[in-house]
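Trainee: Please pick one part of this model and take me through it closely. I would like to see how it fits with the rest.

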Amino acid sequence: MNEYTKQELEEAKTALASTLHKCEKMQESGRLQSSQKTINDRRVKALRIALTLIEKEMRSK
């Protein structure tokens, strides 16, 4: 696996957290059509997984 600096991980975490927040706001709005809701739900899950993995990597450093 690639080695990333702590700063790179922090920057990635910040960017992903921001995107996650925006996706969650879209979920709460209730304005998404069925296919858009499905895609957004999958994005939220993927972003949460990515953030968890980044946090795990940061703790191991």
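Mentor: First, a word you will need: a residue is buried under 20% relative accessible area, exposed over 50%, and partly exposed in between (1.4 Å probe, protein chains only). This is a predicted model, so local features need pLDDT of at least 70 and side-chain atom pairs pLDDT 80 or more, while totals for chains, interfaces and linings use all residues. Numbering starts from 1 along each chain as its sequence is written, and side-chain values use heavy atoms, without hydrogens or water.

Let us take helix α1 and ask what it meets. Begin with the setting. The protein chain has two helices and zero strands (DSSP runs numbered from the N terminus: helices H or I, at least four residues; strands E, at least two). The radius of gyration is 14 Å, well over the 10 Å that the globule rule gives for 61 residues, so the chain is more spread out than a compact globule. That radius is taken over C-alpha atoms, and the rule is 2.2 Å times the number of residues to the power 0.38. Picture a box around the C-alpha atoms: along the principal axes it is roughly 40 × 20 × 15 Å. Of the 61 residues, 15% count as buried.

Now go to α1 itself. This helix runs over residues 6-29. Its 24 residues reach 35 Å from the first C-alpha to the last. After α1 comes G30, whose phi is positive, near 70°.

Which residues of α1 are buried? They are L9, L20 and C23. Their cover includes α2, the helix at 34-60.

Follow L20 and C23 inward. Both belong to the largest nonpolar core, along with V44, L47 and L51. Such a core is a set of buried Ala, Val, Leu, Ile, Met, Phe, Trp, Tyr and Cys residues joined through side-chain atoms within 4.5 Å. Both α1 and α2 give two or more residues to this core. The largest share, three residues, comes from α2. There is a general background here: in soluble globular proteins, nonpolar side chains tend to be buried together.

Stay with C23 for a moment. Leave out residues up to four places away in sequence, and C23 touches N40, R43, V44 and L47 (contact means heavy atoms within 4.5 Å). Two of these, V44 and L47, are core residues.

N40 deserves a look of its own. N40 sits in helix α2. Is N40 buried or exposed? N40 counts as buried, at 5% relative accessibility. The side chain of N40 reaches the backbone oxygen of C23 at 3.0 Å. On the same count of touching residues, N40 meets M26, Q27 and L32 as well as C23.

Next come the charged pairs. How many salt bridges does the structure hold? It holds three. Each is a side-chain nitrogen of Lys or Arg within 4 Å of a carboxyl oxygen of Asp or Glu.

Take K13 of α1. The side chain of K13 meets that of E55 in a salt bridge, at 3.8 Å from N to O. E55 lies in helix α2 and K13 in helix α1, so the pair ties together parts that are 42 residues apart in sequence. Both residues are partly exposed: K13 has a relative accessible area of 25%, and E55 is at 31%.

Then take E24 of α1. E24 and R48 meet in a salt bridge at 2.7 Å, N to O. R48 is in helix α2 and E24 in helix α1, so this pair links parts 24 residues apart in sequence. E24 is partly exposed at 23%, and R48 is partly exposed at 44%.

The pair D41 and K37 sits outside α1. D41 forms a salt bridge with K37, with the closest N and O atoms 3.0 Å apart. These two are four residues apart in helix α2, separated by about one helical turn. D41 is partly exposed at 28%, and so is K37 at 44%.

Finish with E10, another residue of helix α1. E10 is partly exposed, with a relative accessible area of 35%. E10 and I54 are 44 residues apart along the chain, and their C-alpha atoms are separated by 8.4 Å. Now widen the view to the protein chain. Among contacts with a separation of 6 or more, 71% join residues 24 or more positions apart.

Methods: A polar contact is a pair of N or O atoms within 3.5 Å; within protein, one must be able to donate a hydrogen and the other to accept it, and residues adjacent in sequence count only if both atoms are side-chain atoms. The expected span of a helix is 1.5 Å times one less than its number of residues.
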